[in-house]
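Hi,

I'm handing this one over to you now. Have a look at it first, and then read my notes below.

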Amino acid sequence: MDNIVKSKRSRSKAAVEASRVGKPSREEAEAAVRTLIRWTGDDPDREGLLATPRRVVRAYEEWFSGYNDHPREYLKRTFEETGGYDEVVVLRDIRFESFCEHHMAPIIGRVHIGYLPRNRVVGISKLARLVEVYSRRLQIQEKMTAEIATCLDEVLKPHGVAVVTEATHQCMTTRGVHKTGVSMVTSRMLGVFRDHAETRHEFLSAIGVRGGIVGPA
Ligand SMILES: [Zn+2]
């Protein structure tokens, strides 16, 4: 019973938010997919494509589920005391899938996170979750990298945060210049990682990125 009440409440909250940003109905979203199918030159009424708009709209709910989450609130509830641990914490190779906000094409890559805790640490799964929330939105890589760093910095208030993202952009590999094998690297260094070359290099060597890419060697 509690669950039903809760889900009704969260649905209505989502509905309020949806009307604020002018979110269309499911039917409108499916109609838009039919339009795009026609734009490709195909017939949305042929048998193989009949269920496609419904599937695409459902896939969008999964790919863009990050709009429903508030990572700050989530992290605030989940930190733990450090127990005296005062070395750099590094989590590398967190895989993510996102979509570029210019072409809505996939961006696929890895995020590496480091921070030097002051009083608080978070579990590994929470950091991975943080990446998931920000990646499941329309993004540019630079912004996503900065958002992850800023969120960790504001909630955990560590001595510093380092985030490096490496990714390939399918808008570049499958269209336009058609360059494969190119990955883009973005970084955001805050606190000690920005101010102390030694700490920054410790992080970069832990993730296997050459110092020259993101900071002075
Ligand atoms: Zn793009």
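**What I found**

Glu73 comes out as partly exposed, at 42% relative accessibility (partly exposed means between the cut-offs for buried, under 20% relative accessible area, and exposed, over 50%, with a 1.4 Å probe and protein chains only). Before I go on, bear in mind that this is a predicted model, where local features need pLDDT of at least 70, side-chain atom pairs count only at pLDDT 80 or more, and totals for chains, interfaces and linings use all residues. Residues are numbered from 1 along each chain as its sequence is written, and side-chain values use heavy atoms, with hydrogens and water left out.

**Salt bridges**

Back to Glu73: it pairs with Lys76 in a salt bridge whose closest N and O atoms are 3.6 Å apart (a salt bridge here is a side-chain nitrogen of Lys or Arg within 4 Å of a carboxyl oxygen of Asp or Glu). Lys76 is partly exposed as well, at 47%. The two residues sit three apart in helix α4 (residues 71-78), so about one helical turn separates them. Helices (H or I, at least four residues) and strands (E, at least two) are DSSP runs, numbered from the N terminus.

The structure has 11 salt bridges. Another of them joins Asp93 to Arg110, with the closest N and O atoms 2.6 Å apart. Because Asp93 is in strand β2 and Arg110 in strand β3, that pair ties together parts 17 residues apart in sequence. Both ends are partly exposed, Asp93 at 37% and Arg110 at 35%. Asp93 is worth a second look for its backbone too: its phi is positive, about 60 degrees, although it is not a glycine. His178 is a further non-glycine residue with positive phi, near 50 degrees, and it lies in the loop between α7 and β7 (184-191).

Asp42 and Arg46 make a salt bridge with 2.8 Å between the closest N and O atoms; Asp42 is partly exposed at 31%, and so is Arg46 at 39%. Finally, Asp69, Arg129 and Glu132 are linked in a salt-bridge network.

**The zinc ion**

Which residues hold the zinc ion? The protein donors are Cys100 (SG), His103 (ND1) and Cys171 (SG), at 2.2 to 2.3 Å. They are spaced C-x2-H-x67-C in sequence. Cys100 belongs to strand β2 (residues 89-100) and Cys171 to helix α7 (residues 170-173), so these two tie together parts that are 71 residues apart in sequence. Both Cys100 and Cys171 are buried. One caution: donors are N, O and S atoms within 2.8 Å of the metal (3.2 Å for Na, K and Ca), and water is not among the atoms, so sites may look incomplete.

**Inside the chain**

The largest nonpolar core has 28 residues, and Val111, Ile113, Ile148 and Leu152 touch the most other members. Two or more residues each come from β2, β3 (106-116), α5 (124-135), α6 (141-156) and β6 (160-169). The top contributor is α6, with seven residues. A separate core of 11 residues includes Val88, Ala162, Val192 and Val209. By core I mean a set of buried Ala, Val, Leu, Ile, Met, Phe, Trp, Tyr and Cys residues joined through side-chain atoms within 4.5 Å.

Ile113 is a good place to centre your view. It lies in strand β3 and is buried, at 0% relative accessible area. Leaving out residues up to four places away in sequence, Ile113 touches (contact means heavy atoms within 4.5 Å) a list that includes Val89, Leu91, Leu127, Ile148, Leu152 and Phe203. Leu91 is 22 residues from Ile113 in sequence, but their C-alpha atoms are 5.2 Å apart. On the same basis, the contacts of Leu152 include Leu75, Leu130, Pro158 and Val161.

**Whole chain and surface**

The chain has 10 helices and seven strands, and 36% of its 217 residues count as buried. Of the contacts with a separation of 6 or more, 67% join residues 24 or more positions apart. About 13,300 Å² is exposed, with 51% of that from carbon and sulfur atoms; areas come from the Shrake-Rupley method with a 1.4 Å probe, and for residues only the protein chains shown count as cover.

Cheers
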